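Colleague: I have a chain open on my screen and I would like to go through it with you, step by step. Could you show it here so that we can both look?

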Amino acid sequence: MRSQLFRDRLQAGELLGRELAQRLGKRDDLLVLALPRGGVPVGYSVAQALNAPLDVFIVRKLGVPGREELAMGAIASGGVRVLNDDVLGHLRLPASVIDGVAEREARELSRRERAYRGNCPPLDVRGRTVVVVDDGLATGSSMRAAVRALRKMQPREIIVAVPVGASSTCAELRAEAGKVVCLRTPEPFHAVGMWYDDFSQTSDDEVHELLDRAALAAPGGKS
């Protein structure tokens, strides 16, 4: 198993970026969007490999009360809500509980948008090829919400890119996004963190630092 582990998110992003660069070649319409917080270090390395700008796309997982690591769905900017029917079918949670979790996470989504972006508007995705990056795919709820929200913004193409994911989830997302690039689909999968040596939590400060570094390195970046 150890041969399948990524050292950390940055190294996973380097490998993913190398694969994407081989597939996509040099293009000037690329935009990398990372799902905070864990997707940002991966997205930073991918953006460097593609010589593309990096931004965040805020999505919040809807965790089952008392079992928050289990996603019953997700929300994204633009009022998009995606529910995990398989999970909810087993739990039979009342709608009021789901709505309560969604309202709480919507407040956190707004807070993070202000914290990460400040007064800067999001990068325009219209007509661009958008590479949406996270550190892995388990249930895929967060990524599915991101893809559906991005569809409303009329990109030319959406490519989901992750270092590791459950094979069934990757297959489901191909139907949703069209293209999914996943370096490894180990079985049994269990959880994203199992496939990293270092899966420590990414902090808000790290997100800010990486976004600033990416802005300096991007074509036409800050001087």
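**Walking through the chain**

Modeller: Of the 223 residues of the protein chain, 50% count as buried, and please keep in mind while we talk that this is a predicted model.

Colleague: Okay, and how many helices and strands does the secondary structure come to?

Modeller: The protein chain has seven helices and eight strands. Its radius of gyration is 17 Å, close to the 17 Å that the globule rule gives for 223 residues, so the chain is as compact as a globular protein of that length.

Colleague: What box do the C-alpha atoms fill?

Modeller: Taken along the principal axes, the C-alpha atoms fill a box of roughly 50 × 45 × 30 Å. The accessible surface of the chain comes to about 10,900 Å², and 47% of that surface belongs to carbon and sulfur atoms.

Colleague: And the charges, how far apart are the mean positions of the positive and negative ones?

Modeller: There are 31 positive and 29 negative charges in the protein chain, and their mean positions are 3 Å apart.

Colleague: Let's go inside. Which residues have the most contacts in the largest nonpolar core?

Modeller: That core has 45 residues, and those with the most contacts inside it are Leu20, Val32, Leu50 and Val131. Its largest share, six residues, comes from helix α2, which covers residues 39–50. Apart from this core lies another one, of 27 residues, among them Leu31, Ala74, Val162 and Cys170.

Colleague: What is Val131 in contact with, then?

Modeller: If we leave aside its neighbours within four places in sequence, Val131 is in contact with Leu20, Leu24, Leu30, Leu31, Val32, Leu33, Leu50, Ile159 and Ala161. As for the chain in general, residues 24 or more positions apart account for 68% of the contacts with a separation of 6 or more.

Colleague: Next topic, helix α5. Why do you call it largely enclosed by the rest of the structure?

Modeller: The helix, residues 141–151, has eleven residues and nine of them are buried, so it is largely enclosed by the rest of the structure. The buried ones are Ser141, Ser142, Met143, Arg144, Ala145, Ala146, Val147, Ala149 and Leu150.

Colleague: Pick one for me. What does Met143 touch?

Modeller: Met143 lies in helix α5 and counts as buried because its relative accessibility is 1%, with under 20% as the cut-off. Not counting residues up to four places away in sequence, Met143 touches Leu35, Val132, Val133, Asp134, Leu137, Val160, Val162 and Leu173. With one of these, Val160, the separation is 17 residues in sequence and 8.0 Å in space, C-alpha to C-alpha.

Colleague: There is an arginine in that list too. Is Arg144 buried or exposed?

Modeller: Arg144, also found in helix α5, counts as buried at 12% relative accessibility. Leaving aside its neighbours within four places in sequence, Arg144 is in contact with Val82, Thr139, Glu172, Leu173 and Glu176.

Colleague: And Arg117, where is that found?

Modeller: Arg117 is found in helix α4, and Arg117 is buried, with a relative accessible area of 14%. Not counting residues up to four places away in sequence, Arg117 touches Asp55, Val56, Arg112 and Pro122. The C-alpha atoms of Arg117 and Val131 are separated by 19 Å, although these residues are 14 apart along the chain.

Colleague: Last topic, backbone oddities. What usually holds for phi and for peptide bonds?

Modeller: Most residues other than glycine have a negative phi, and most peptide bonds are trans. Here, however, Arg92 has a positive phi, near 55°, and lies in the loop between α3 (85–91) and α4 (95–117), where Arg92 counts as exposed at 72% relative accessibility. Gln154 has a positive phi as well, of about 60°, and lies in the loop between α5 and β7 (157–164), but Gln154 counts as partly exposed at 46% relative accessibility.

Colleague: Which residues does a cis peptide bond join?

Modeller: A cis peptide bond joins Pro36 and Arg37, with omega about 0°, and Arg37 is placed in the loop between β1 (30–34) and α2. A cis peptide bond also joins Glu187 and Pro188, with omega about -10°, and Pro188 is placed in the loop between β8 (179–184) and α7 (204–217).

Conventions. Residues are numbered from 1 along each chain as its sequence is written. This is a predicted model: local features need pLDDT of at least 70, side-chain atom pairs count only at pLDDT 80 or more; totals for chains, interfaces and linings use all residues. Side-chain values use heavy atoms; hydrogens and water are left out. A nonpolar core is a set of buried Ala, Val, Leu, Ile, Met, Phe, Trp, Tyr and Cys residues joined through side-chain atoms within 4.5 Å. Buried means under 20% relative accessible area, exposed over 50%, partly exposed in between (1.4 Å probe, protein chains only). Helices (H or I, at least four residues) and strands (E, at least two) are DSSP runs, numbered from the N terminus. Contact means heavy atoms within 4.5 Å. The radius of gyration is taken over C-alpha atoms; the globule rule is 2.2 Å times the number of residues to the power 0.38. Accessible areas come from the Shrake-Rupley method with a 1.4 Å probe; for residues, only the protein chains shown count as cover. Lys and Arg count as positive and Asp and Glu as negative; His and the chain ends are not counted. The place of a charge is taken as NZ of Lys, CZ of Arg, CG of Asp or CD of Glu.
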